[in-house]
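Q: Please take a close look at one helix and its surroundings, and then follow the neighbouring parts outward. Keep the explanation plain.

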2 protein chains.
Amino acid sequence: MKTAHGVVPTPFFMPIATKASVKTLDGNDIKNLGAKIILSNTYHLLLRPGEEIIRAAGGLHKFMNWNGAILTDSGGFQIFSLAKQRKITEDGAIFRSHIDGRKFILTPEKALRFQKVLGSDIIMALDVCTPYPCDEDEAERAVETTTDWARRTKKTAAKIITDRQMVFGIVQGSVYKDLRLRSAKDLVDLDFDGYAIGGLAVGEPRKTMFEILNYLVPELPAKVPHYLMGVGQPEEIVEAVRRGVDMFDCVLPTRNARHGLLYVWNKKTVGFHPGHSDFYETLHITNEKFKKDFSPLDKNCSCPTCKNYTRAYLRHLFSVNEPLSARLATIHNVHFYLELMEKIRKAISQGKF
Amino acid sequence: MKTAHGVVPTPFFMPIATKASVKTLDGNDIKNLGAKIILSNTYHLLLRPGEEIIRAAGGLHKFMNWNGAILTDSGGFQIFSLAKQRKITEDGAIFRSHIDGRKFILTPEKALRFQKVLGSDIIMALDVCTPYPCDEDEAERAVETTTDWARRTKKTAAKIITDRQMVFGIVQGSVYKDLRLRSAKDLVDLDFDGYAIGGLAVGEPRKTMFEILNYLVPELPAKVPHYLMGVGQPEEIVEAVRRGVDMFDCVLPTRNARHGLLYVWNKKTVGFHPGHSDFYETLHITNEKFKKDFSPLDKNCSCPTCKNYTRAYLRHLFSVNEPLSARLATIHNVHFYLELMEKIRKAISQGKF
């Protein structure tokens with residue numbers, strides 16, 4: 001995928017820099033880990049530091065000193081999951097900040113304009129994200145509003161967005177096949193630069209998610225990227241790639257790292273087998289059994305944490321609440337996810353996936 | 001100063017790695033900042049991870065992957081400032097852990113043996129550290145016990161410590177000249193590899209501290225290092241160097257960093273003038289006035305934070321509680337302290353101090 005900040009080989013995973021920082025890492029750390037693209041959040045950046053400061057900084061890349069690609073979500077998911085007193089009107093979303101209760105109005109046009117100011121390489125159209133479970137009427141209204149907002153997004157984008165920025169639409173429709181297909185058709189007719197699948201990984205059974213991907217992804221144009229928002233565990237990513245998904249983001253590697261849950265390769269298994277998650281294991285590094293384990297987290301891992309530190313040292317750092325614990329664990333988990341994507345790309349290119 | 005882990009030019013400052021990590025930094029970060037020696041704490045390491053794990057790791061250098069020099073304090077100060085239900089007997093200190101109430105007994109011999117296990121380049125003899133204010137009787141008892149423990153330390157060191165590790169004595173005596181001079185003489189007679197001045201920077205007026213240094217440092221052998229424990233602000237370090245002190249440690253650069261207080265050079269002033277602190281300034285980076293300040297913390301600073309990030313970005317990170325804030329600030333403040341020592345060494349070598 002070509003962006004204004006470099007080519008990103010697909011399929012790929014985007015580490016999450018919610019508030020303009022991948023937690024505990026700086027721009028050089030992310031670059032050294034080999035990430036080509038990160039995700040940041042419109043909702044959070046709109047609240048703090050706000051549009052005025054980002055504009056004065058010359059955009060998000062300059063503000064956070066990151067020269068790779070950036071995708072920003074539209075705020076739709078956070079309005080649904082974080083904001084207080086939210087109200088969806090025809091015009092847009094009215095909500096109060098989860099931090100200080102300040103009132104915000106986000107319209108499709110405003111979300112687009114703010115992401116233009118951010119300088120995002122990939123702008124997401126504002127959508128209405130439904131929770132799970134969600135009745136069919138509510139899901140239908142969400143699809144209709146999402147389509148309407150997508151149309152307004154494209155209309156404004158035609159005036160203010162240059163070729164340097166891509167704009168993606170987000171398919172909604174909850175777990176209802178007719179609605180999902182209708183949402184996909186509506187958006188495809190509007191001709192976006194890429195298509196995201198939203199409203200999944202919000203509590204529905206994993207099987208349901210894969211069934212939706214089975215019928216939905218084939219309806220999206222093959223020549224543009226397909227993005228499954230907020231997914232997921234390594235085995236979910238593998239299964240979604242198998243179904244034609246190209247792009248992923250998830251808090252799991254970074255959030256789990258901060259809680260001492262670390263991903264390591266299972267050396268006994270080779271390659272990716274449909275439905276199997278046995279290619280990796282997780283370590284709860286705070287476990288007593290690691291107290292005198294002076295081996296790296298993963299002896300075949302080439303990340304700076306595994307090259308320099310032992311399980312016993314990591315366990316110690318977690319047990320005494322040293323802030324370095326979260327950093328060393330984050331470096332390892334982000335490296336694991338990036339290596340997973342590299343393995344998947346290699347397997348695909350070798351015809352072995 | 002020659003150590004088993006490299007030569008350290010004097011005077012120098014030791015960043016503090018209380019629990020086997022300079023908070024937010026790893027061994028490579030410290031090395032890249034140019035530190036040649038760090039300080040770690042016997043008391044904290046004895047509690048967690050404990051002797052058994054450090055021994056199994058092959059010492060503290062290997063455990064934390066730091067190949068520079070390490071000085072470990074003896075635990076005397078933490079027993080006085082942190083531990084619960086402490087009791088000083090002739091034999092040693094009995095106290096309860098401030099974490100879980102576990103009972104510990106630390107004798108001069110045990111403190112020495114544990115620091116041998118740690119593999120410290122500089123071992124501190126266990127001392128009795130007095131608070132401020134402290135009446136003369138209590139200060140005298142502390143000096144007598146400290147001398148007795150120093151004698152036992154030397155006696156055991158003669159049997160178990162090799163030339164690879166140095167052992168320092170700690171002068172006590174509170175603010176009483178006779179006691180300070182007596183403590184110094186007692187320790188000098190025991191022929192330590194270096195001498196520390198303890199029990200200062202515990203609340204006494206700054207003027208009192210300098211008066212003590214004025215009469216005390218000349219009583220210490222000129223050919224071995226003089227170490228002022230727990231000091232201090234940049235101007236205090238300058239004034240102590242002027243009085244013949246070679247070694248410093250302090251939590252200020254790292255602790256202040258985590259609270260957004262940053263040290264920057266005052267470019268209007270040149271060099272160090274007796275009693276003047278105008279060679280530097282402090283920034284409270286959380287201040288509103290920095291929100292659109294896209295200059296580095298210090299435009300003449302060569303640290304990674306100043307080379308890559310702006311005041312506005314740092315302020316944002318602090319205001320949204322991103323963990324990267326503490327790290328970028330720590331990198332800058334530790335760099336400032338190390339650069340201060342470099343400037344002092346240069347001024348001394350040029351005869352301009």
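A: Two residues are in contact if their C-beta atoms, placed from the backbone, lie within 7 Å. The model examined here is predicted.

The helix to begin with is α9 of chain A, residues 206-216. Its buried residues are Met209(A), Ile212(A), Leu213(A) and Leu216(A). They cover an arc of only 100° around the axis, so they lie on the same side of α9(A). A general point about helices helps here. An α-helix has 3.6 residues a turn, so residues three or four places apart point the same way. The face of α9(A) turned away from the buried side carries the exposed residues Lys207(A) and Asn214(A).

What does the buried side pack against? The buried residues of α9(A) pack against four elements of chain A: β10 (166-171), α8 (177-190), β11 (194-197) and α10 (234-242).

One of these partners, α10(A), is mostly covered, with seven of its nine residues buried. These buried residues are Pro234(A), Glu236(A), Ile237(A), Val238(A), Glu239(A), Ala240(A) and Val241(A). Their cover includes two helices of chain A, α9 and α14. It also includes the strands β12 (226-228), β13 (247-249), β14 (261-265) and β15 (280-284) of chain A. Just after α10(A), Gly244(A) takes a positive phi of about 100°.

The path now leads from α10(A) to α14(A), which is part of that cover. The axes of α14(A) and α13(A) come within 8 Å and cross at roughly 135°. That angle makes α13(A) oblique to α14(A). On α13(A), the contact is made by Leu314(A), Leu317(A) and Phe318(A). On α14(A), Leu324(A), Ser325(A), Leu328(A) and Ala329(A) take part. By class, this contact has six nonpolar residues, one polar residue and no charged residues.

Both helices also belong to the contact between the chains, which takes 33 residues from chain A and 34 residues from chain B. On the side of chain A that touches chain B, α1 (27-33), α3 (51-57), α4 (60-64), α13 (311-319) and α14 (324-349) each supply at least two residues. The most comes from α13(A), with five residues. By class, that side of chain A has 18 nonpolar, eight polar and seven charged residues.

Finally, there is the arrangement of the two chains. Chain A can be laid on chain B with an RMSD of 0.0 Å by a turn of 180° and a shift of 0.0 Å along the axis. The two copies are therefore related as by a two-fold rotation axis. They meet through the same surface, because 100% of the interface residues of chain A are also interface residues in chain B.

Key. Residues numbered from 1 in each chain as written. Chains lettered and ligands numbered in written order. Predicted model: local features only at pLDDT ≥ 70, side-chain atom pairs only at ≥ 80, totals over all residues. Buried ≥ 20, exposed ≤ 12 C-beta atoms within 10 Å, placed from the backbone. Arc of directions from axis to C-beta. Least-squares fit on C-alpha atoms with pLDDT ≥ 70 in both. Nonpolar A, V, L, I, M, F, W, Y, C, P; charged D, E, K, R; others polar. Axes fitted to C-alpha atoms, helices over the stretch in contact; angles between N-to-C directions. Parallel < 35°, antiparallel > 145°, perpendicular 65-115°, else oblique.
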